Amino acid sequence: MSRRAAGGRLAARWIALDADHWLEGGEIVWSAEGRIVSVRRARKGTRLEDVAVMPGLVNAHVHLQLPALAQRPESFVPWIGAVLAARAASTAADERRRIGAALVALTEEGCLAVGDIDSTGTSTARLAGADMRGRCYRELTGFHLDRAGARALLRERPTLPRSRAATAGGYSPHAPYSVSAELFRAAVATRAPLAIHCAEVPLEQQFLRTGRGPFAELLARLGRLPPGFRAPGMGAVRWLERLGALTTRTQLVHCQELERGDVARIAQSGAAIVVCPGTIEYFGRTPPPVPKWLAAGIPVALGTDSRASNTGLSLRREMARALELWPGLTPVQVLAMATTNGARALCRPGLGRLRPGGHADFCTLPAQATVAATRDAVVASGAMPTAVWVAGTQRVRSARPRR
Ligand SMILES: [Zn+2]
């Protein structure tokens, strides 16, 4: 392994260009600016490090700033109340501490891009100075907002400016039960990438169809149910389609409760879906049909969601959980969900792969005898990297391989 002022190069036994394409006896060369110059087979006689080089992982849906809950509420609507209370009890300093610790832990495990939901502005400020790639989505809520109110909210909540930071910007109109039609339309009109919690629980679909149930009661309690409100009378995916929110720039998070025709609607729109295995386990939900979605051509990515509905923010753990929840998925598919599909869900298609011109973001792991064994060690067993490189600079180097 050598590093030069003008960049660096690493010759390794295996190099994964992406989940599916691996070089045996490969060499990656990068520039002083941290961009990959070439990634190709090493010349005969080159001394190879006995490691596998892999692209950085992508956690496509996370709330870095949210704390763990002291107690687990019994059902979803009380859970939302508990999250709002925990958020209100957090100071900006608490959030900065949590975000900082999460960025260190993510980098150590070789997760080098996130799709973060920022509900307070703290993440946007923190990520502006970080080298974590991906996208920070400013959260938007307001079921009561009319057109003028929606526009005012967008002016209040700037996203990360383009091309200034490693992290890009976007909006997260939270969910169809917490965002008015006008606020969705205003967010779509910005043409920014969007992250939307969609069809997460049966009550959401019930509320959108009938205007009744616990979500209506919660909104009324919060003073956010507009007088004379009439339900859209259709499920979440059709409603988002009607609002123009299903596009190639959209990621839909969860999609537990899709209805007839929704898979085709999403596939046709080019939107991505993000699933969070830890959250499925936390709430004891039935895993949605991810293999069917992938077969329909939908880019399905992996996220951890927040500490409020997961045991941690480790994407390596989520890969292992994904294999358990969906035994029909192959390790190649799961690794693609944690890399290139995640990049696609964040509208950052250059991430999660190693290609000339891309960022020299990668990690090294102990090489196994075959590509399949090396991939299994990562996907099924959650093997930790021995070293991590961000923009061609080594950030993490452990003395010995860790799990
Ligand atoms: Zn979430």
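# How do you know that? Reading a zinc site, salt bridges and two helices

Author: A search of the whole structure, which is a predicted model, finds 17 salt bridges.

Reader: What makes Arg 138 and Asp 118 a salt bridge?

Author: Check the gap first. The closest N and O atoms of Arg 138 and Asp 118 are 3.8 Å apart, and the cut-off is within 4 Å, so the pair counts. Arg 138 sits in strand β8 (residues 133-140) and Asp 118 in strand β7 (residues 111-118), so the pair ties together parts that are 20 residues apart in sequence. Both Arg 138 and Asp 118 are buried, too.

Reader: Which side chain does Arg 133 meet in a salt bridge, and where do the two partners lie?

Author: Arg 133 meets Asp 361, at 2.5 Å from N to O. That value passes the test of within 4 Å. Arg 133 is in strand β8, while Asp 361 is in the loop between α14 (340-345) and β14 (362-366). The two are 228 residues apart, so this salt bridge links distant parts of the chain.

Reader: Why are Arg 133 and Asp 361 called buried?

Author: Buried means under 20% relative accessible area. Arg 133 comes out at 7%, so Arg 133 counts as buried. Asp 361 has 8%, so the verdict for Asp 361 is buried as well.

Reader: Which residues are linked in a network of salt bridges?

Author: Arg 9, Glu 27 and Arg 40 are linked that way.

Reader: How do you know which residues are the protein donors of the zinc ion?

Author: By distance again. To be a donor here, an N, O or S atom must be within 2.8 Å of the metal. The NE2 atoms of His 61, His 63 and His 197, plus an OD atom of Asp 305, lie 2.1 to 2.4 Å from the zinc ion. Those values satisfy the cut-off, so these four residues are listed as donors. Their spacing in sequence is H-x1-H-x133-H-x107-D. His 197 belongs to strand β10 (residues 194-198) and Asp 305 to the loop between β13 (300-302) and α12 (315-325), so this pair ties together parts that are 108 residues apart in sequence.

Reader: Why is the site of the zinc ion called irregular?

Author: Look at the angles among the four donor atoms: they run from 87 to 164°. To count as tetrahedral, all angles must lie between 85 and 135 degrees. The upper value, 164°, breaks that rule, so tetrahedral is out, and the site is classed as irregular.

Reader: Are His 197 and Asp 305 buried or exposed?

Author: His 197 has 5% relative accessibility, so His 197 counts as buried. Asp 305, at 4%, is buried too. Asp 305 also turns up among the contacts of Thr 279, along with His 254, Arg 285, Thr 304, Ser 309 and Asn 310, once neighbours within four places in sequence are left aside. Thr 279 itself is in helix α10 (residues 277-282), and at 1% relative accessibility Thr 279 counts as buried.

Reader: What makes Asp 262 and Arg 265 a salt bridge?

Author: Their closest N and O atoms are 2.7 Å apart, which fits within 4 Å. Both lie in helix α9 (residues 262-269), three residues apart, about one turn of the helix.

Reader: How do you know that the buried residues of α9 line one face of the helix?

Author: Start with who is buried in α9: Asp 262, Val 263, Ile 266 and Ser 269. Seen down the axis of α9, they fall within an arc of 135°, so they line one face. On the other side, Ala 264 and Gln 268 are exposed. The cover over the buried residues includes α8 (236-242), β11 (250-254), β12 (272-275) and α11 (290-295). After α9 comes Gly 270, with a positive phi near 85°.

Reader: What about α7: which residues are buried there?

Author: In helix α7 (residues 214-221) they are Phe 215, Ala 216, Leu 218 and Leu 219. Seen down the axis of α7, these buried residues stay within an arc of 160°, so they line one face of the helix. They pack against α1 (76-88) and α6 (202-210). Gly 223 follows α7, and its phi is positive, near 75°.

Terms used:
Residues numbered from 1 in each chain as written. Predicted model: local features only at pLDDT ≥ 70, side-chain atom pairs only at ≥ 80, totals over all residues. Heavy atoms only, no water. Helix = DSSP H or I, 4+ residues; strand = E, 2+ residues; numbered from the N terminus. Buried < 20%, exposed > 50% of the residue type's maximum accessible area, 1.4 Å probe, protein only. Contact = heavy atoms within 4.5 Å. Donors = N, O, S within 2.8 Å, 3.2 Å for Na, K, Ca; no water. Tetrahedral: all angles 85-135°; square planar, octahedral: opposite > 155°, others 65-115°. Arc of directions from axis to C-beta.
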